[in-house]
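Reader: I would like a close look at one part of this chain, namely the open sheet and the loops beside it, with the backbone geometry taken into account. Please also follow the chain onward from there, so that I can find my way about the structure.

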Amino acid sequence: MDSLRFLRLPTHALGIFIVLGCILSIRAGDGQQVVYEGNKVVVEGDPFTITCHLTVYDVIKWQLNEQTINPDSENQYKLEEEKINGKVVAKLSVLQAQHSHTGSYRCTSFSNVTHQVYVLSANSVKPNWDFEPYKVFKYDTAFALQCNVTGTPGGQFVLRWYKEDKVIEPTANKYIFKPEENTLMVYYASDDDVGNYTCQAVNAKTNSTESVMRAVIQVIGFPKITLPGDTPVVEGERLKLHCQVKGYPTPSVVWSVDGMPVNESDARIRFENDGKVARAFLIIDNVQLSDRKTYTCKASNIANQDSTGVEEKTFVRVKDKLAALWPFLGICAEVAVLCTIILIYEKKRNKSELDESDTDQSPEQKNTPDHGKDVRQRK
């Protein structure tokens with residue numbers, strides 16, 4: 001009986017049901033006719049817009065996470081629609097993004113295609129700055145660059161690293177990635193490693209970058225000083241102390257003597273530059289014995305702005321200008337004393353030999369008396 005009642009419907013009513021059925025079947029079989037454009041990742045407080053392209057047969061009904069959106073709600077939604085070239089363009093705009101705006105948006109219930117929006121905190125990408133926006137390294141050591149992405153679903157994003165807008169490729173001895181820690185390790189730090197590094201969040205599913213999810217880390221070098229512990233100099237000669245400094249930005253150098261500022265009013269004292277490093281050389285003409293002191297070089301740049309700077313000391317040993325003569329004179333004195341001792345000894349030995357010769361008889365004298373006796377006996 002129900003089927004007979006259906007057959008008794010007016011012809012135009014049957015036509016409407018047939019058309020609606022065809023539309024529903026087409027929409028169910030081809031949901032890709034709905035195309036979305038607009039922001040996918042938004043920083044909290046920023047505006048965003050989603051544009052939806054539909055056919056004239058679609059019924060516009062905006063939803064967020066399956067809940068109908070009310071344009072008059074306190075979430076400040078603004079809904080617009082217009083027809084362009086036989087198609088319908090619907091727009092949803094939000095003046096100030098909030099975390100409650102995160103979710104899946106759909107402009108019509110006839111399609112299962114959605115547009116995902118993530119609303120992130122302004123500091124959703126947190127680099128491990130030593131102080132914003134700087135990361136400080138020490139020469140010849142390893143340092144780590146890290147960016148943590150917060151407020152996003154786990155595994156949704158991975159990091160891609162750049163240096164001066166060029167993609168960093170991992171190498172065995174220089175750059176090593178640790179994806180599980182969102183870390184880039186840089187080994188054997190040198191001047192070549194200073195510069196601007198960028199961590200960029202990449203959608204792990206689509207491999208597309210999200211422009212708002214990035215952070216810049218400016219890598220700078222902590223000052224390093226090379227200065228000998230002892231510096232010998234001869235009195236009257238020129239002393240030239242060289243404070244060899246590495247660091248970026250170029251460090252400034254300050255000299256002190258025994259903890260006191262250098263007496264720049266002394267005409268014998270002057271400074272010279274070493275390339276970009278000002279006052280890297282401390283020069284003292286006509287060195288005096290009173291210049292025998294401890295000289296300190298201190299270097300500072302923005303990398304150690306919150307400390308007293310890095311410093312190295314050298315002790316200047318001023319030698320007497322006749323110091324080289326004293327050993328020679330000592331040797332000469334030793335030779336003279338030795339020669340004197342030898343002469344005295346020889347004289348005493350010769351004198352003792354003469355005295356012995358005067359007291360002893362000669363062989364002839366010893367034989368003469370016996371010879372006379374023999375002659376007398378023969379007679």
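Author: What follows begins with the sheet, turns to the loops and their backbone angles, and then moves on to later parts of the chain.

The model is predicted, and the part you ask about is an open sheet of 4 strands in the order 10-12-16-15, with antiparallel pairing. Strand 10 (125–127) and strand 15 (175–178) stand at the edges with a single partner strand each, so one side of each has no neighbour in the sheet. On average, and with direction ignored, neighbouring strands of this sheet are turned by 15° against each other. The partner of strand 10 is strand 12, residues 143–149, and the two run antiparallel, joined by 3 bridges. To place this pairing on the sequence, you can look at K126, whose bridge partner in strand 12 is N148.

Between these strands the backbone deserves some attention. As general background, most peptide bonds are trans, and most residues other than glycine have a negative phi. The bond joining E132 and P133 is a cis peptide bond, with omega about -5°, and P133 itself is in the loop between strand 10 and strand 11 (134–137). Further along, in the loop between strand 11 and strand 12, comes D140, which has a positive phi near 70° although this residue is not a glycine.

Such backbone features can also be found later in the chain. The peptide bond from Y248 to P249 is cis, with omega near -5°, and P249 is found in the loop between strand 21 (244–248) and strand 22. Strand 22 covers residues 252–257 and includes S252. The relative accessibility of S252 is 43%, and this residue therefore counts as partly exposed. Leaving aside neighbours within four places in sequence, S252 is in contact with K298, A299 and S300; the C-alpha atoms of S252 and A299 are separated by 5.5 Å, although the two residues are 47 apart along the chain.

R279 is found in strand 25, residues 277–284, and has a positive phi of about 60° without being a glycine. With a relative accessible area of 32%, R279 is partly exposed.

Lastly, a nonpolar surface patch of about 500 Å² is made by L322, L325, W326, F328 and L329, and F328 has its place in helix 3, which covers residues 325–359.

Terms used: Residues numbered from 1 in each chain as written. Predicted model: local features only at pLDDT ≥ 70, side-chain atom pairs only at ≥ 80, totals over all residues. Heavy atoms only, no water. Pairing = 2+ DSSP bridges. Axes fitted to C-alpha atoms, helices over the stretch in contact; angles between N-to-C directions. Buried < 20%, exposed > 50% of the residue type's maximum accessible area, 1.4 Å probe, protein only. Contact = heavy atoms within 4.5 Å. Patch = residues over 30% accessible without salt bridge, like charges linked within 9 Å, V, L, I, M, F, W, Y side chains within 5 Å. Areas by Shrake-Rupley, 256 points an atom, 1.4 Å probe, with all protein chains shown as cover. Salt bridge = Lys/Arg side-chain N within 4 Å of Asp/Glu carboxyl O.
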